[in-house]
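Please open the structure in a viewer and keep the sequence at hand. The tour proceeds by selections, each followed by a short account of what is to be found there.

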Amino acid sequence: MSSVSDVIQRHYDEIVRRWTEDATRAASARGLESPELKNIMPTYLASLADGAGGPDAARAERRRYVESHVAARLRQGFHVAEVVEEFALLGRCISRMWADVPPAARPDVEDVERLFSELHGASADVISLFSEHMRDDEQTEKRYLRLIQKVASEALAVDAASLGERLKEVLLLVMDALGAQSAALLLREATPSRLGTVVSAGIGVEALSRYATELGVSDEDPGSGLEAEATTMEVSDDLRRQGVRALLGIRLATRHALKGVMYVGVDQARDFTARERRRLESLSERLTVHLDNAKLYSDLLAKVETLQEERELRERFVSVLAHDLRGPLSAAKVATQLLLRRPEVMEERRDLARRIDQNIERTDRMVRDLLDANRIRAGEQLSLQFAPCDLRSIAREVIEELSIIHGERFLLVADAPVEGFWSEDELRRALWNLTSNAVKYGASDSPVTLTVARTASGARVSVHNEGRAISQSDQDLLFKPFSRTRSAREGPSKGWGLGLTLVWGCAQAHGGRVSIESKEPTGTTFTLELPLDSRPGAAVGA
């Protein structure tokens, strides 16, 4: 009668061969790569030949073999049931060696029971090791998730200059969690024209940043469905030259205003394990949630700030409106009372009637400006009547009117008439607003210059004044209703902040554009560009 040890020693090579074939088929059926032996299972088999169920030292040695085998399978992405099955396969391969021999030549029952008891113990060790690993893995993942929550929640609350550094902290955490050597994040708002932020860390940062930027965020991105899934990406030659051999990508499946893709790279040409994919999906999901929440919170704060600004504007507008309308109305009322008291001198007091008319016209102009500004703010286009007119003549009339108030400090540069189909009244109001602003906020000892000229595509009129330049932050707000620069708010000149909004609306209604150039020491120039015939553009916008 043979012992189990004798059977293993005589048929060692055959057992290893059969086990390898069976284990490979089992792995392939589950979509896994062929198992790598790494001399662990053959060594474990050889230890069984030394006597199954031997002394404690032998058991401890076999326990170390099991630990090494489990560690290797974890790296390869095996599940616990798949590793337990490998030990069951080993038992079946060993038992086949005496299946066809006479009963007298087979190991006795107790010897066979000791073998399968040993293999059962190995399976129990596998389950225990996997459970211990999963507990540690879960705690590790929770720690990374807590860190990502902290960093991601703060990332979009900082200024743009610091945003990249905060997101880089996220990438370093992801790299540490996955044992990766490089990572990149492409993050932008949903508006297609905005690229947003590209952050990278680790080896090959420049190549990885280019890779993320060129790939962009589109329907072809990894995980483009509603649920993001980690996807193995093709490694470009540029990345390979910088040490990145394998790349995993996952879409940040945001539900709101953000879109993005995260990439992690390793310096080995290998496939990513199921554990690595699952961890990247878990980390990216949590990152997405916190970035989304941070973005929503940021948008909410911006909305609250906008509403607060609008409330302040309304309050300021009501105050200015009451003040500005009271002046011309009071003057008209006083003049009317004087006429009513002395009707016999009506013919002699034509100047009072003229003053009444002027103040009522001034009041009407204020109301018309306010209504037009509200139309522009609501996204509507001004309704204009177009007719042939001369831009040079309009500029000259504006200068003559303002010269009565401010004196001879205006200069008109125009070599010839510039004629086109425009709204004369609207252009007069726009030029009046630009020129009066130049007087208010320009250097008092320098002239205001109006330049009218034909261009290759139409006509152009510019208003230039010397003096302090307008900051870029103020320039970005100039054409919004009720918006005034800081110097205008702090200065003695009062106003509603509607003049430049009406200029912008005039340009849009004519199918043109208005722009500003302001720098030290050349001063400020507003330029209004128009097509020679504004009727087609007005018809399209109507």
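The stops below take in helix pairs, aromatic pairs, a strand residue and a cis peptide bond. The model is predicted.

**First stop: helix H3**

Select helix H3, residues 40-49. Eight of its 10 residues are buried, so H3 is largely enclosed by the rest of the structure. The buried residues of H3 are Ile40, Met41, Pro42, Tyr44, Leu45, Ser47, Leu48 and Ala49.

**Second stop: H3 against H5**

Add helix H5, residues 80-96. Two packed helices are described by the angle between their axes and the distance between the axes. For H3 and H5, the axes come within 12 Å and cross at roughly 50 degrees. An angle from 35 up to 65 degrees counts as oblique, and H3 and H5 are therefore oblique to each other. Their crossing is right-handed.

Now show the side chains where the two helices touch. Met41, Tyr44, Leu45 and Leu48 of H3 meet Glu86, Phe87, Leu90 and Ile94 of H5. By class, this contact has seven nonpolar residues, no polar residues and one charged residue.

**Third stop: the aromatic pairs**

How many aromatic pairs are there by the rule used here? The count comes to two. A pair of aromatic rings is described by the distance of the centres and the angle of the planes.

Remain at H3 and H5, and select Tyr44 and Phe87. These residues form an edge-to-face pair, 5.4 Å centre to centre, with 90 degrees between the planes. Tyr44 lies in H3 and Phe87 in H5, 43 residues apart, and the pair thus links distant parts of the chain. Tyr44 and Phe87 are each buried.

Next select Tyr211 and Tyr263. The ring centres of Tyr211 and Tyr263 are 5.5 Å apart and the planes stand at 90 degrees, so this pair is edge-to-face. This pair also links distant parts of the chain: Tyr211 belongs to helix H8 (residues 205-215) and Tyr263 to strand S5 (residues 258-266), with their positions 52 residues apart. Are Tyr211 and Tyr263 buried or exposed? Both are buried.

**Fourth stop: Ser182**

Keep Tyr263 displayed and select Ser182, which is found in strand S1 (residues 182-189). Ser182 has a relative accessible area of 0% and is therefore buried. Which residues is Ser182 in contact with, leaving aside its neighbours within four places in sequence? They are Met175, Ala201, Gly202, Ile203, Leu208, Val244, Tyr263, Val264 and Gly265. Tyr263, one of these contacts, is the strand S5 member of the aromatic pair just visited.

**Fifth stop: H12 against H13**

Move to helix H12 (residues 391-406) and helix H13 (residues 424-441), whose axes come within 9 Å and cross at roughly 45 degrees. H12 and H13 are therefore oblique to each other, and H12 passes H13 in a right-handed crossing.

Display the side chains of both helices. From H12, the residues in this contact are Leu391, Ile394, Ala395, Glu397, Val398, Glu401, Leu402 and His406. Their counterparts in H13 are Glu424, Leu427, Arg428, Leu431, Trp432, Thr435, Ser436 and Val439. By class, the contact of H12 with H13 has nine nonpolar, three polar and four charged residues.

**Last stop: a cis peptide bond**

Finally, select Glu520 and Pro521. A cis peptide bond joins the two, with omega about -5 degrees. Pro521 is found in the loop between strand S11 (513-519) and strand S12 (523-530).

Definitions and conventions. Residues are numbered from 1 along each chain as its sequence is written. This is a predicted model: local features need pLDDT of at least 70, side-chain atom pairs count only at pLDDT 80 or more; totals for chains, interfaces and linings use all residues. Side-chain values use heavy atoms; hydrogens and water are left out. Axes are lines fitted to C-alpha atoms, for helices over the stretch in contact, and angles run from 0 to 180 degrees between N-to-C directions. Helices (H or I, at least four residues) and strands (E, at least two) are DSSP runs, numbered from the N terminus. Angles under 35 degrees count as roughly parallel, over 145 as roughly antiparallel, 65 to 115 as roughly perpendicular and the rest as oblique. A crossing is left-handed if the near helix is turned anticlockwise from the far one by less than a right angle, and right-handed if clockwise. Contact means heavy atoms within 4.5 Å. Ala, Val, Leu, Ile, Met, Phe, Trp, Tyr, Cys and Pro count as nonpolar, Asp, Glu, Lys and Arg as charged, and the others, Gly among them, as polar. Rings of Phe, Tyr and Trp (its six-membered ring) pair if their centres lie within 6.5 Å; planes under 30 degrees apart count as stacked, over 60 as edge-to-face and the rest as tilted. Buried means under 20% relative accessible area, exposed over 50%, partly exposed in between (1.4 Å probe, protein chains only).
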